[in-house]
Structure formats: structure tokens, C-alpha cells
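Please look at the sequence and the structure below, and keep both in view while reading. The paragraphs that follow lead from one part to the next.

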Amino acid sequence: MDHTLWSAAALSELWRNPVWFKRENKPKEKIENKKLQIPQGLWIRCKNCKEIIYKKEVERNFDICPKCQYHFYISAQKRLSLLYDQGEYNTFDDHLQPTDPLKFRDRKKYRDRLKEYAALTGLKDAIISSEGTIGGYRVVICAMEFGFMGGSMASVVGEKIVRGAERCLAEKIPLITIACSGGARMQEGIISLMQMAKTSAAVGKLAEAGLPFISILTDPTTGGVSASFAMLGDIIISEPKALIGFAGQRVIEQTIGQELPPGFQTAEFLLAHGMIDMIVDRRQMRSTLIKILSFFALGPPPQGPDGQ
Amino acid sequence: MDFEKQFVELDSAIKEMRQLATEWGDSARQELKRLKKKRQKVFYETYAKLTPWQRTLLARHPDRPYTLDYINIIFSDFIELHGDRKFGDDSAIVGGLAQLGSHKVVVIGHQKGRGTKENISRNFGMASPEGFRKALRIMKLAEKFRKPIITFIDTPGAYPGLGAEERGQAEAIARNIYEMMFLRVPIISIVTGEGGSGGALALGVADRLLMLENSVYSVISPEGCAAILWKDHTKANEAATALHMTAQDLLKLKVADEILKEPIGGAHRNPTMMAHIVRRAILRCLAQMSRLSEDKLLEDRYRRYRQYGVFRELVE
Ligand SMILES: [Zn+2]
């Protein structure tokens with residue numbers, strides 16, 4: 001039974017979503033758009049409510065559909081700039097680069113895949129480690145990038161989360177992670193599985209030191225990422241309608257031989273079953289974090305509430 | 001199993017020849033001798049160079065000894081404990097108190113079923129959250145009374161079902177991994193058959209990880225991997241090789257500490273002998289760790305997991 005399946009549905013949806021990724025061979029929606037004579041690039045169709053919406057308006061609206069409030073995928077960089085004071089932050093551990101320890105090759109070489117995704121995202125692996133202030137409170141945020149191999153976790157992602165936690169320990173500041181991942185990366189085999197233990201251990205060190213760990217879940221958070229650090233937050237927050245779970249939906253369907261009930265494995269489903277603390281709209285995420293950080297802080301923000 | 005078929009054929013030829021030997025005399029006896037020699041040669045040659053996929057099949061062999069088989073041979077006075085005190089009792093995981101020589105220990109493991117009926121009640125060794133939570137409860141008990149923990153790993157993976165997801169499969173696995181990292185007693189894990197991904201790791205955060213010669217341990221099943229990466233589930237053979245999931249691979253990758261040699265042809269050909277090999281290994285590990293202070297034990301365990309990962313640090 002594979003539990004580290006990337007959520008195949010989410011992955012294919014992402015690539016079909018014409019908003020953020022331009023592809024050479026135009027996906028179906030584009031063709032439909034043409035029939036409807038919508039100027040390409042200016043208008044998009046919401047994959048949730050299927051309404052045609054003005055792209056600029058979506059972008060102005062934190063990449064949320066103005067008609068149905070669906071939260072579109074956004075890059076890790078964009079997420080960070082929405083959360084930090086003035087949208088400013090420093091990245092660290094950018095110099096960590098994946099290798100190919102197993103010389104993994106399926107229909108394609110892992111090495112080549114890494115190069116492709118690096119070119120596509122401008123990142124070396126599926127995560128950005130960053131430091132800055134939110135409401136004046138200094139924090140480390142490790143944000144996963146789904147656009148890099150489905151946000152899958154292998155050596156570099158694991159190491160960067162642990163180093164992020166270690167930076168928090170050294171500076172006595174909270175850790176925030178933003179999960180956006182289909183799970184452990186197959187191409188690094190058992191080493192990827194061990195990252196579940198490694199990241200969970202690092203989170204444990206924060207707990208020992210009495211430092212808060214806030215875990216933000218976004219669409220999707222599944223497999224080895226949900227079954228490790230992402231589900232271990234002192235506070236667990238999810239974006240609305242995010243797919244969160246352990247096993248991939250197709251695997252479950254195949255195992256139980258029936259279709260999944262509507263809303264299964266959504267953030268709302270998890271909230272109802274007691275698995276997460278709250279669902280927060282992207283537009284309120286920053287202010288929510290500030291409230292939580294100020295609760296855990298020992299005093300007023302050292303840099304002042306505006307991060308000045 | 002495909003590669004076992006040739007022995008079945010040879011065995012029946014030998015049996016036939018043995019019957020004929022009484023009628024035919026010398027010539028048949030010579031042929032019998034030749035066949036027996038051939039069988040032995042083929043047998044040794046086959047098992048000397050098993051492919052990763054063949055080892056996977058052996059690890060899943062329906063006659064392979066399971067956790068309770070090992071417990072019954074290795075330990076005395078096993079007292080099985082039940083339930084997670086929260087929701088239910090998952091029989092895909094067994095656990096309890098046991099005696100091993102002069103050591104009092106806590107034993108926990110995945111439990112597959114023998115035959116269809118038992119397999120359904122054991123859910124083929126695929127645990128639900130209550131199984132992992134039962135395991136954690138018993139491990140906490142071990143910590144409270146300072147008893148070493150022995151875990152047996154043999155699962156296709158955590159159960160991918162509706163109820164399992166509803167009750168927090170991801171959280172249950174994460175919690176076990178997290179808690180095991182900081183338990184103040186020695187933990188020895190033995191992969192006896194299949195180490196299926198997160199469901200295996202949820203019992204497998206340990207100070208010593210031992211693997212049976214024909215056991216496997218992987219981030220994903222070769223079938224699942226083949227379906228996703230090759231878009232063809234029949235490429236499991238290739239995926240098994242690519243994933244580096246055999247005991248031999250994991251020893252090289254420093255995930256496993258030791259390989260426990262199996263009787264030729266696999267553990268199922270001599271479960272008693274296998275169990276004694278496992279028993280000796282557990283005693284050896286217990287002796288090594290009894291000299292460590294609790295703090296040193298935890299420090300070593302943290303360092304062990306901290307160092308997993310292969311990457312390059314570019315000079316800026
Ligand atoms: Zn919409």
C-alpha cells in the first residue's frame with residue numbers, strides 16, 4: 001500500500017490550472033477558453049465554481065476566487081510575501097542542493113527531473129527557509145513549494161526544516177511551517193521516509209525548549225508530510241478547502257471499492273473530526289498569526305507592531 | 001512464487017525417481033542422486049542471487065513467520081494487552097509484556113493473519129489509528145516502568161480507509177514517530193517481513209534497526225511506485241530495484257544496523273531457527289544498550305535520525 005502517493009488529482013489539477021503555469025501544449029481549458037473567445041492570459045476560469053473571472057482581480061484578491069472564495073495555488077514566495085511585515089524577509093540555507101543518492105531512474109532520470117523543476121521554479125528543492133518579522137515578532141518560516149516535484153519531501157526539505165528549527169532554538173523564536181506537499185519523495189527511497197523521523201525530532205526539540213511551532217496546511221498536505229511535522233504543530237491552521245490526509249484518494253477508493261463521500265479529507269472535514277485547530281482565509285492568515293504570536297510572546301514585539 | 005516453482009518440479013521428479021528406484025535399481029538410484037544434487041545446486045544458486053523483487057515476494061511469503069510466531073518462540077510469559085483507551089482495539093497490531101531470559105521487556109508488532117479469515121480480522125497487518133495509538137500506549141507503559149521496547153515490523157503499510165482517515169491516520173503516525181524519538185528506554189526494531197512506509201516507521205523509530213535477510217523496507221510499495229512513476233503497475237520489478245529497499249540496500253544506506261541471516265530458502269523454511277537468530281540478536285543489542293545512560297541513549301537516537309539525508313552544500 002503506498003501512502004506516499006502524491007495526491008495525483010491535486011497534481012494534475014495544478015498543472016492544468018492555466019493561471020500560474022504556462023505550458024507549451026495548451027491544456028483543455030485553454031481550448032475551451034478560445035471557443036468562448038476569451039483573450040488568453042487576461043481571463044481565467046475558476047476550477048471550483050467554473051466562473052470566468054478577471055485574472056487581475058484574482059491576483060489583487062490574494063489569489064482567491066472573487067465568486068466562490070476558492071483559494072488558488074500560490075507559490076511559496078508569494079505566500080511568504082503575504083505574511084511578513086512589508087512582505088520582506090531573508091532566505092537562508094539556499095545553498096543546499098539535492099543529489100541523487102540512489103541513482104534513481106524511472107522513465108526519466110531523477111537528476112533530469114531535478115534540473116527541470118529547478119528551471120521551472122528557480123529553487124533547488126521544494127522548500128524556502130526564511131526569516132523575518134510578522135507584526136514585529138521575529139519568526140522562521142519554512143514554506144514548501146508544490147511546484148517543485150509536488151512539494152515532495154526528501155533530503156533537502158528535511159534538512160532545511162531541521163536547520164530552520166535549529167535557528168529557532170538558537171534565536172529563541174517560533175517556527176512556522178507551510179506545508180504544501182504530496183508526501184515523501186520516492187526518488188530518494190528510504191532516505192525520504194527517514195525525513196519524517198528527522199523533522200518530527202526537530203519539532204520535538206522546539207517543544208523541549210518551550211518554543212511555539214505553528215503548522216499551516218495548504219492544498220494539498222498528504223502522505224509523509226501530513227504524517228510527520230505538519231500534524232505536530234502546537235497550533236495547526238489550514239486554508240479553506242485544502243486537501244489534507246494520509247492516504248491518496250485514489251488509493252483509498254481502490255482499497256474500499258467505493259467512491260469517497262463529498263468533502264472527504266478537506267480542511268473542513270479535518271476540523272469537524274478534531275484534527276486541526278482552525279481554518280483561516282488567506283486574507284486573515286497574517287493577522288491570525290500576529291494574534292497567536294503575541295499570545296505566546298513574553299513581551300511586546302521587540303521591533304514594534306509594524307516591524308519598525 | 002515463481003522462483004519456488006522450479007523446486008516443486010524438481011521435488012516431484014525426485015519423489016517419482018525414489019519410487020522407481022525400488023523397481024529399477026542402480027540406474028534409477030544414480031539418476032536420483034543426480035536430481036538431488038541438481039536440486040541443491042539450483043536451490044543455492046537461486047537464493048544466492050535473489051533480485052530485489054524476489055526478496056519482496058519472499059518478505060510477503062504467506063508461510064513466513066509473523067510477530068506472534070516470533071513472540072511465542074523467543075519470549076516466555078507473554079501477556080497480551082489490548083486497546084488504545086480511546087476508540088478500540090486494532091488486531092493489526094499486537095503488544096504486551098514479556099520475558100526474555102533475565103530481561104523484562106515490552107513487545108509490540110504488526111500482525112498479519114494466516115489464511116483469508118484471520119487476515120480479514122487482522123486487516124492484513126495494516127493498522128488504523130487505534131492500532132498505532134495502542135502501540136504508543138504500551139510503549140508509554142514501558143517507559144513508565146523502565147522496560148526496553150522490542151518492535152516487530154511487518155506491514156504493507158498503514159490502512160488507507162475512510163474510518164482510518166476520519167480518526168486521524170496521519171496524526172497517529174506522526175505522534176508515534178515523535179514520541180518514540182524521546183522515550184527514555186532502549187528501542188530495538190526488527191523488520192521481519194515488509195516495512196511498508198509510514199505504517200512501518202510508526203513502530204520503527206529505534207536505537208537499533210535489524211532486518212531479516214529477505215525483508216524489505218521502503219517509502220512506497222514497488223507496485224505503487226511503478227504505477228506513479230512508470231505509469232504501469234507491472235513495472236514493480238524495476239521499481240523494487242530502483243527504490244533500494246532490500247535489507248542489503250538499507251545496511252549500505254545506514255538505516256539498518258545489522259542483517260539477520262535467514263535459513264536458506266527463507267525464514268519460513270525454518271521458523272524456529274529464525275526465531276533463535278532473532279533472539280540472539282535482541283539479547284546482543286540489549287546488552288550493548290544496558291551500559292548507556294538514558295541521556296546518552298536519547299542523544300544517540302536523536303543524532304541517528306538527525307544525520308539522515310544526502311545533499312550538497314554549495315559554497316557561496
Ligand atoms: Zn470560484
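In this predicted model, A:Leu96 has a bridge partner in the other chain, namely B:Glu313 in β9(B). That pairing belongs to a set of 3 bridges that join β4(A) to β9(B), a strand made of residues 311-313 of chain B, and the two strands run antiparallel.

The contact between the two chains takes 53 residues from chain A and 53 residues from chain B. On the side of chain A that touches chain B, the elements that give two or more residues are β4 (96-98), α6 (155-171), α7 (189-209), α8 (223-226) and α9 (249-256) of chain A. The largest share of that side comes from α7(A), which gives 14 residues. When the residues of this side of chain A are divided by class, 28 are nonpolar, 19 are polar and 6 are charged.

From this contact we can turn to chain A itself, which has 11 helices and 10 strands. Of its 308 residues, 51% count as buried. If we consider the contacts in chain A with a separation of 6 or more, residues 24 or more positions apart account for 69% of them.

The sheet of chain A deserves a careful look. Seven strands form an open sheet in the order β3-β5-β6-β7-β8-β9-β10 (chain A), and the pairing within this sheet is mixed. Which strands stand at the edges? They are β3 (90-92) and β10 (278-279) of chain A, and because each has a single partner strand, one side of each is left without a neighbour in the sheet. Helix α11 of chain A, residues 282-296, packs on the sheet and touches β5 (127-134), β6, β8 and β9 of chain A, while its direction makes about 65° with that of β5(A).

Within that order, β7(A) is listed between β6 and β8, and its surroundings can be followed strand by strand. On one side, β6(A), which covers residues 137-144, is joined to β7(A) by 4 bridges, and these two strands run parallel. As an example of this pairing, the bridge partner of A:Ile141 is A:Ile176 in β7(A). Together with the helix α6(A), the strands β6(A) and β7(A) make a right-handed β-α-β unit.

The pairing with β8(A), residues 213-221, is also in the parallel sense, and here β7(A) takes part in 6 bridges. In this pair of strands A:Leu175 stands opposite A:Phe213. The chain crosses from β7(A) through α7(A) to β8(A), and this β-α-β crossover is right-handed. The helix of this crossover, α7(A), is the element that gives 14 residues to the side of chain A that touches chain B. Further along, β8(A) pairs in the parallel sense with β9(A), residues 235-238, over 4 bridges, and the bridge partner of A:Leu217 in β9(A) is A:Ser238.

Why can β7(A) be called largely enclosed by the rest of the structure? A residue counts as buried if 20 or more other C-beta atoms lie within 10 Å of its own, and 7 of the 7 residues of this strand, 175-181, are buried, so the strand is largely enclosed. Both of its faces are covered, with A:Leu175, A:Thr177, A:Ala179 and A:Ser181 buried on one side and A:Ile176, A:Ile178 and A:Cys180 buried on the other.

A:Leu260 offers another setting, since this residue lies in the loop between α9 and α10 (267-272) of chain A. It has 14 C-beta neighbours inside 10 Å, and therefore A:Leu260 counts as partly exposed. Leaving aside its neighbours within four places in sequence, A:Leu260 is in contact with A:Gln249, A:Ile252 and A:Glu253. For one of these, A:Gln249, the distance to A:Leu260 is 7.7 Å from C-alpha to C-alpha, with their positions 11 residues apart in sequence counted as separation.

Finally, the chains can be viewed by domain. The domain assignment of chain A gives domain 1 (18-72) and domain 2 (73-296), and 26 Å separate the centres of these two domains, taken over C-alpha atoms. The contact between them takes 8 residues from domain 1 of chain A and 9 residues from domain 2 of chain A. The side of domain 1 that touches domain 2 in chain A has 5 nonpolar, 2 polar and 1 charged residues. Chain B is divided into domain 1 (2-49) and domain 2 (56-306), and the centres of these domains of chain B, again taken over C-alpha atoms, are separated by 38 Å.

Conventions
Residues numbered from 1 in each chain as written. Chains lettered and ligands numbered in written order. Predicted model: local features only at pLDDT ≥ 70, side-chain atom pairs only at ≥ 80, totals over all residues. Contact = placed C-beta atoms within 7 Å. Nonpolar A, V, L, I, M, F, W, Y, C, P; charged D, E, K, R; others polar. Pairing = 2+ DSSP bridges. Buried ≥ 20, exposed ≤ 12 C-beta atoms within 10 Å, placed from the backbone. Right-handed = clockwise from strand over helix to strand, strands pointing away. Axes fitted to C-alpha atoms, helices over the stretch in contact; angles between N-to-C directions. Domains from an automatic or database assignment.
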